[in-house]
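Biologist: Please take a close look at a single part of this model. I should like a connected account of how its side chains meet the rest of the chain, with the cut-offs stated.

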Amino acid sequence: ITFAMMTVNSICWGLAGPANQAMLIDVSTPPQRKLMYSISYWANNLSIAVGGILGAFLFKDYLFELFLSLSIAAAVTAFLVAFFIDESHKPVIEELKPAQHVMQLLSTYKRVFQDRLFVLFTIAGVLILSMEFQLTNYIGIRLSEEMPTQQFLFWEFDGVQTMGFLRSENTILVVILMLFVTRIPHSLKDKSVLVWSCFFFTIGYGVLAYSNSLTLLFLMMAVLTIGEVFRVPVEQSYMAAIPPDDARSSYMAFGGLKFNLSMLVASVTVSLGAVFSSMLMAIVITSIGLIGTLIFFMISPELDARKEQAELRQAG
C-alpha cells in the first residue's frame, strides 16, 4: 500500500508541478519574476522549517492528528486551486484521435530536446542542484564516519549532529536572507549574479566535502547559502523566459527532471566515496559544480537574448 501511494503521489506531483510553473509564468511579467520566485522559494523553505519542527514534536505521540492535519491542508489547497484560481491560458482545443494526441505529444517533446539552449540550461541546473543534495548524501556520510567529536562554544558536536546543524543553518539563513535579498540594490547583471552565486555555492560545498573544522564548516555553509539565495530567483526567472508560450508545460515538465537527475548524481558520488579518498571526492564534487557554473557562463549571452525576446512578447 505504501509503495502504491508513493507512486500515486509521484505521478500527481509530476503532473501538478509543470502546470503550476506554467501558470505562474502566465500571470507574471519578466520584471516581476525574480520577486515572485524569491517569495516562492522563501515560502518553501519556511514550510520545510515549520514542518520539520512540528513533525519532530508531534510524530511520536500525535501521529494520527499530524496526518489528519496534513490531509486537511492538502484538501484546502485543492479547493482553493479548483474554485479560486482562474485558468489564464486558454488554447484552442482540437478534436484529435488518441493516436494523433500521442504524435502531438512526441512532436512537442522533440521540440524541447532540439532547443539547445534549454537542454544546456537544464544540464547546468542539474549539476548545480546536485551540490545541494551532497549534504544529505556523501557529505553526511563522510561527516558521520570521519569527523571526531568537537567542542564549539558550550556544546559538543559529532558528525551526525554537525550535519543536522548545517541543514538547520541553511534553512534558517534562507528564510531570513530571502526577506532582504530582493531589496538589496546592486549593479550586477543577472548573468553575473547567476555565475558568481553558482561559483560560491560550489566552493562552499567543495569545502564541506573535505573539511572537519566546525568553524570552517559553519562559515562555508553561510557563504554557500548567500550564493543560493541570489542564484535561485535569477535561475528561475531565466527558466521562465526560455520556453515559447505554446509549449510552456512541456518545457516545465522536462525541467522538472532536474530534481531526480540531481539526486542520481548525488547518489553516484556516494558510491564513488566508498572507493576514493575525501580529498579526491572533494575535487570531484567541486568539479561537478564548476562545470555547471561554466555552462551557465557560456550560455549567459543567449539567456539574456531569450529573456529580452520574452519581454518583447509580453509587451506586445
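Modeller: In what follows, a residue is buried when its relative accessible area is under 20%, exposed when that area is over 50%, and partly exposed in between, as computed with a 1.4 Å probe on protein chains only. The model is predicted, so local features need pLDDT of at least 70 and side-chain atom pairs count only at pLDDT 80 or more, whereas totals for chains, interfaces and linings use all residues. Residues are numbered from 1 along each chain as its sequence is written, and side-chain values use heavy atoms, with hydrogens and water left out.

The part chosen is helix α12, residues 278-315; helices here are DSSP runs of H or I with at least four residues, and strands runs of E with at least two, numbered from the N terminus. Ser278 belongs to this helix. Its relative accessibility is 12%, so Ser278 counts as buried. The Ser278 side chain forms a polar contact of 2.6 Å with that of Glu146, that is, a pair of N or O atoms within 3.5 Å in which, within protein, one can donate a hydrogen and the other accept it, residues adjacent in sequence counting only through side-chain atoms on both sides. Setting aside residues up to four places away in sequence, Ser278 touches Tyr138, Arg142, Glu146, Ala209 and Tyr210, a contact being heavy atoms within 4.5 Å.

Further along α12 come the salt bridges, each defined by a side-chain nitrogen of Lys or Arg within 4 Å of a carboxyl oxygen of Asp or Glu. The structure holds six of them. In one, Glu302 and Arg116 meet through their side chains, with 3.0 Å from N to O. Glu302 of helix α12 and Arg116 of helix α5 are 186 residues apart, and the pair links distant parts of the chain. With a relative accessible area of 34%, Glu302 is partly exposed.

Arg306 pairs with Asp115, their closest N and O atoms being 3.2 Å apart. Here Arg306 lies in α12 and Asp115 in the loop between α4 (98-113) and α5, at a separation of 191 residues. Both partners are buried: Arg306 has 19% relative accessibility, and Asp115 has a relative accessible area of 10%.

Lys307 and Asp190 form another salt bridge, at 2.5 Å from N to O. Lys307 is in α12 and Asp190 in helix α8 (residues 190-208), so the bridge ties together parts 117 residues apart in sequence. Lys307 and Asp190 are both buried.

Two of these bridges lead towards α5 and the loop before it, and that helix deserves a word. Helix α5 covers residues 116-133; its 18 residues should span 26 Å at 1.5 Å a residue, and the end C-alpha atoms are 26 Å apart, which agrees. The expected span is 1.5 Å times one less than the number of residues. Of the 18 residues of α5, 13 are buried, so the helix is largely enclosed by the rest of the structure.

Val112, in helix α4, is also in contact with Phe118 and Val119, as well as with Ser250, Tyr251 and Phe254, its neighbours within four places in sequence left aside. The relative accessible area of Val112 is 0%, so this residue is buried. Its C-alpha atom is separated by 9.9 Å from that of Pro244, 132 residues away along the chain.
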